[in-house]
Amino acid sequence: LLVGTPRLMQAATSAIKASPLATIGAGLAGLFLPPFAAVVLFVTIIGIPLGAVILLAWVIGLMIGLVFTSQVVGQMIIAKLKWQDAWQQFASLVLGLFVIFLAALLPFIGPFVVMIAVVWGLGSLVYLLIKRRGEGPLVHHKGAKK
């Protein structure tokens with residue numbers, strides 16, 4: 001995500017920092033609504049392929065959400081360390097993933113930490129999609145008009 005879609009990564013991490021409660025709320029909606037919609041579509045024969053696509057996109061969104069939250073956690077740690085380097089973005093992602101997965105090992109609260117991280121990151125993606133719905137594409141290409 002850092003290499004392929006740096007603007008999306010930047011927009012998602014900015015959304016988490018700027019609107020933490022809104023992104024958590026959007027993440028809760030993104031956690032429960034797609035599986036519900038997929039189950040409703042599975043009831044009909046015609047809706048089975050669309051339901052499968054929705055579930056696949058939902059699982060991918062959950063994984064991407066964890067990456068977004070990890071990036072924010074890593075950026076916060078690197079900002080405290082005042083580290084400036086060309087590899088700062090990559091290091092913040094790796095550091096954030098390490099911290100979240102280390103927290104996942106904690107008894108009792110570990111799974112909740114991971115769930116919150118996934119919901120928060122998924123919420124940033126959903127929040128961006130809702131916020132920019134009328135503004136055109138989520139990520140503009142170089143040279144494209146806004």
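## A tour from the loops to the cores

Start by selecting Lys82, which counts as exposed because its relative accessible area is 70% (exposed means over 50%, buried under 20% and partly exposed in between, with a 1.4 Å probe and protein chains only). The model on your screen is predicted, so local features need pLDDT of at least 70 and side-chain atom pairs count only at pLDDT 80 or more, while totals for chains, interfaces and linings use all residues. Residues are numbered from 1 along each chain as its sequence is written, and side-chain values use heavy atoms, with hydrogens and water left out.

Lys82 sits in the loop between α3 (48–81) and α4 (88–104), where helices are DSSP runs of H or I with at least four residues, strands are runs of E with at least two, and both are numbered from the N terminus. Although Lys82 is not a glycine, its phi is positive, at about 55 degrees.

Next, select Trp87 and Phe90, which form an edge-to-face aromatic pair, 6.0 Å centre to centre and with 75 degrees between the planes. Rings of Phe, Tyr and Trp (its six-membered ring) pair if their centres lie within 6.5 Å, and planes under 30 degrees apart count as stacked, over 60 as edge-to-face and the rest as tilted. A search of the whole structure finds one aromatic pair. Trp87 counts as exposed because its relative accessibility is 58%, whereas Phe90, at 46%, counts as partly exposed.

Move on to Phe108, in the loop between α4 and α5 (110–131). This residue, too, is something other than glycine with a positive phi, here near 70 degrees, and at 77% relative accessibility Phe108 counts as exposed.

Keep Phe108 selected and add Leu106, Ile109, Phe112, Met115 and Ile116, which together make a nonpolar surface patch of about 680 Å². Such patches are made of residues with over 30% relative accessible area and no salt bridge, the nonpolar side chains (Val, Leu, Ile, Met, Phe, Trp, Tyr) being joined within 5 Å and like charges within 9 Å; a salt bridge is a side-chain nitrogen of Lys or Arg within 4 Å of a carboxyl oxygen of Asp or Glu. Within the patch, Met115 belongs to helix α5 and is partly exposed, at 44% relative accessibility.

Finally, turn to the interior and select the largest nonpolar core, whose 12 residues include Leu8, Ile16, Phe68, Leu93 and Leu128 (a core is a set of buried Ala, Val, Leu, Ile, Met, Phe, Trp, Tyr and Cys residues joined through side-chain atoms within 4.5 Å). Helices α1 (6–18), α3 and α5 each supply at least two of its residues, and the largest share, six residues, comes from α1. Apart from this core lies another, of eight residues, among them Leu31, Leu62, Ile100 and Val119.

Note on methods:
Accessible areas come from the Shrake-Rupley method with a 1.4 Å probe; for residues, only the protein chains shown count as cover.
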